[in-house]
Amino acid sequence: FLRFCPPARSYSFVTTPIFYVNAAPHIGHVYSVAMADALHRWNAMNDRKPAIFSTGTDEHGLKVQEAAAARGTEPGAFCTQVSQKFKSLFIDCDVAWTDYVRTTEKRHLKAVQHFWSKLADKGFLYKGSYEGWYIVSDEAFASNSQVKEVGGDDGKQIGRAV
């Protein structure tokens, strides 16, 4: 995004979540991108400064891999198909993004590697260990207060989200 932002100028930057490509877009995606588009257009009309609007798709994760497998498609091809559905829908809705990002693009990988190295250089990254509950469907760790231990089919204790 820096190519849009000369260092000496201020700008407005609006972004949506990057949408998972594990399924086709739905009304919630349209709502998010429409709200961001309205804010972007408002900023562009009223601030008289460069306005950047970024949206796109997140093409990594277990859910994406499982969705591709369920459809008998290779993950890369699946991601391209679904990302294009998002892009086409946003075009049909006349969304005026300035940058559409796919997390599988080389430029995204390069930006993430740069950011990661800056964090490492400043000592913000470290090796450690963590033990806790993980909710696969949410792709998130959960605290003990968010999980109830129950007996599994095999008699082992497992966690269920509460």
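## Val101, His29 and a nonpolar patch

Val101 has contacts with Ser54, Thr55, Gly56, Thr57, Arg107 and His108, leaving aside residues up to four places away in sequence. Keep in mind that this is a predicted model. Two buried residues come up below, Val101 and His29, and then a nonpolar patch on the surface that includes Tyr134.

**Val101 and its strand**
- Val101 sits in strand E4, which covers residues 99-102.
- With a relative accessible area of 14%, Val101 counts as buried, because the cut-off for that label is under 20%.
- Ser54, one of the residues Val101 touches, is 47 residues away from Val101 in sequence, yet the C-alpha to C-alpha distance is 7.2 Å.

**His29 in helix H1**
- Helix H1 runs over residues 27-46 and holds His29.
- His29 comes out at 12% relative accessible area, so this residue is buried too.
- Once residues up to four places away in sequence are set aside, His29 touches Phe19, Ala24, Phe86 and Phe90.

**The nonpolar surface patch**
- Leu62, Tyr130, Tyr134, Val136 and Phe141 make up a nonpolar patch on the surface.
- Taken together, these five residues have about 540 Å² of accessible area.
- Tyr134, one of the patch members, belongs to strand E5, residues 133-135.
- Tyr134 is partly exposed because its relative accessibility is 43%, a value that falls between the 20% and 50% cut-offs.

Conventions:
Residues numbered from 1 in each chain as written. Predicted model: local features only at pLDDT ≥ 70, side-chain atom pairs only at ≥ 80, totals over all residues. Heavy atoms only, no water. Helix = DSSP H or I, 4+ residues; strand = E, 2+ residues; numbered from the N terminus. Buried < 20%, exposed > 50% of the residue type's maximum accessible area, 1.4 Å probe, protein only. Contact = heavy atoms within 4.5 Å. Patch = residues over 30% accessible without salt bridge, like charges linked within 9 Å, V, L, I, M, F, W, Y side chains within 5 Å. Areas by Shrake-Rupley, 256 points an atom, 1.4 Å probe, with all protein chains shown as cover. Salt bridge = Lys/Arg side-chain N within 4 Å of Asp/Glu carboxyl O.
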